[in-house]
Amino acid sequence: MDDNPPVDILVQAGIVPSLVKLIDDQFHQFPKLMLECAWILSNIASSDNKNCQYIVELGIIPRAIGLLTHENEDVKENAIWLLSNICGDNLSYRDLLVDNNIIQTLIDILSGAYLKPAVIDGAAWLISNICRGRPYPPYEKVKIFKAD
């Protein structure tokens, strides 16, 4: 495993928009493809602010959230890491995730059937990234229990 993936080379080659498109619902039947694209995009998100901003502007957030409902746990795991890297990069990206109902999506995932430990670990890290940084996200958007 390379500790310094060639992110800038990928960005300069112009293939990142294609990677983002390959995690659309229309490719749902190709979990290995989606997993690899999410992994590559996760590395791009974690490389620097400029590259993270680039993939956010390409529309990665709703697509990655969509991957969280995939039946393949490896796809879910990589989507969680991708979203964690985006969330940890910038408070406005964190707020975008919160506005896109990431809390309820995570609750639904964690309330489901058995999950492999890596999915739970990733979800915990994503929740941690959502809760850090000031100003905190609005409580009404991140609270887990709703009053009846």
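Start by selecting Asn-101 in this predicted model: Asn-101 sits in the loop between α7 (91-99) and α8 (102-110). Check its backbone, where phi is near 65°, a positive value in a residue other than glycine. Most residues other than glycine have a negative phi, and most peptide bonds are trans. Is Asn-101 buried, exposed or partly exposed? With a relative accessible area of 45%, Asn-101 is partly exposed.

Step from the loop into helix α8 and pick Thr-105. Thr-105 counts as buried because its relative accessibility, 15%, is under the 20% cut-off. Show its surroundings and, leaving aside neighbours within four places in sequence, you will find Ile-65 and Leu-68 in contact with Thr-105.

Now go back along the chain to α7, and colour α6 as well. The axes of α6 and α7 come within 5 Å and cross at roughly 130°, so α6 is oblique to α7. To see the contact, display Leu-83, Ile-86, Cys-87 and Asp-89 on the α6 side, with Tyr-93, Arg-94 and Leu-97 on the α7 side. Colour these by class: the contact of α6 with α7 has five nonpolar residues, no polar ones and two charged ones.

Keep α6 on screen and bring in its other partner on this tour, α9. Two packed helices are described by the angle between their axes and the distance between the axes. For helix α6 (residues 73-89) and helix α9 (residues 117-131), the axes come within 9 Å and cross at roughly 20°. α6 and α9 are therefore roughly parallel to each other, and α6 passes α9 in a left-handed crossing. From α6, select Glu-73, Glu-77, Ile-80, Trp-81, Leu-83, Ser-84, Asn-85, Cys-87 and Gly-88; from α9, add Ala-118, Val-119, Gly-122, Ala-123, Trp-125, Leu-126, Asn-129 and Ile-130. Colouring by class here gives ten nonpolar, five polar and two charged residues.

Zoom in on Val-119 of helix α9. Val-119 is buried, with a relative accessible area of 0%. Which residues touch Val-119 once neighbours within four places in sequence are left aside? They are Glu-73, Glu-77, Ile-80 and Ile-109. For a sense of scale, draw a line from the C-alpha of Val-119 to that of Lys-32: the two are 17 Å apart in space and 87 residues apart in sequence.

Follow the chain out of α9 to Pro-135, in the loop between α9 and α10 (139-142). Look at the peptide bond from Arg-134 to Pro-135, which is cis, with omega near 5°.

Next, turn to the nonpolar interior. The largest nonpolar core has 42 residues, and those that touch the most other members are Leu-41, Ile-55, Ile-60, Ile-86, Ile-102, Leu-126 and Ile-130. You have already met Ile-86 in the contact with α7, and Leu-126 and Ile-130 in the contact of α6 with α9. Centre the view on Ile-55: not counting residues up to four places away in sequence, Ile-55 touches Val-16, Leu-41, Ile-44, Ala-45, Ile-60, Leu-82 and Ile-86.

For the last stop, select Asn-51, in helix α4 (residues 49-57). Asn-51 is buried, with a relative accessible area of 2%. Beyond residues up to four places away in sequence, Asn-51 touches Val-7, Asp-8, Val-11 and Ile-44. Ile-44 is also one of the residues that Ile-55 touches.

Methods
Residues are numbered from 1 along each chain as its sequence is written. This is a predicted model: local features need pLDDT of at least 70, side-chain atom pairs count only at pLDDT 80 or more; totals for chains, interfaces and linings use all residues. Side-chain values use heavy atoms; hydrogens and water are left out. Helices (H or I, at least four residues) and strands (E, at least two) are DSSP runs, numbered from the N terminus. Buried means under 20% relative accessible area, exposed over 50%, partly exposed in between (1.4 Å probe, protein chains only). Contact means heavy atoms within 4.5 Å. Axes are lines fitted to C-alpha atoms, for helices over the stretch in contact, and angles run from 0 to 180 degrees between N-to-C directions. Angles under 35 degrees count as roughly parallel, over 145 as roughly antiparallel, 65 to 115 as roughly perpendicular and the rest as oblique. A crossing is left-handed if the near helix is turned anticlockwise from the far one by less than a right angle, and right-handed if clockwise. Ala, Val, Leu, Ile, Met, Phe, Trp, Tyr, Cys and Pro count as nonpolar, Asp, Glu, Lys and Arg as charged, and the others, Gly among them, as polar. A nonpolar core is a set of buried Ala, Val, Leu, Ile, Met, Phe, Trp, Tyr and Cys residues joined through side-chain atoms within 4.5 Å.
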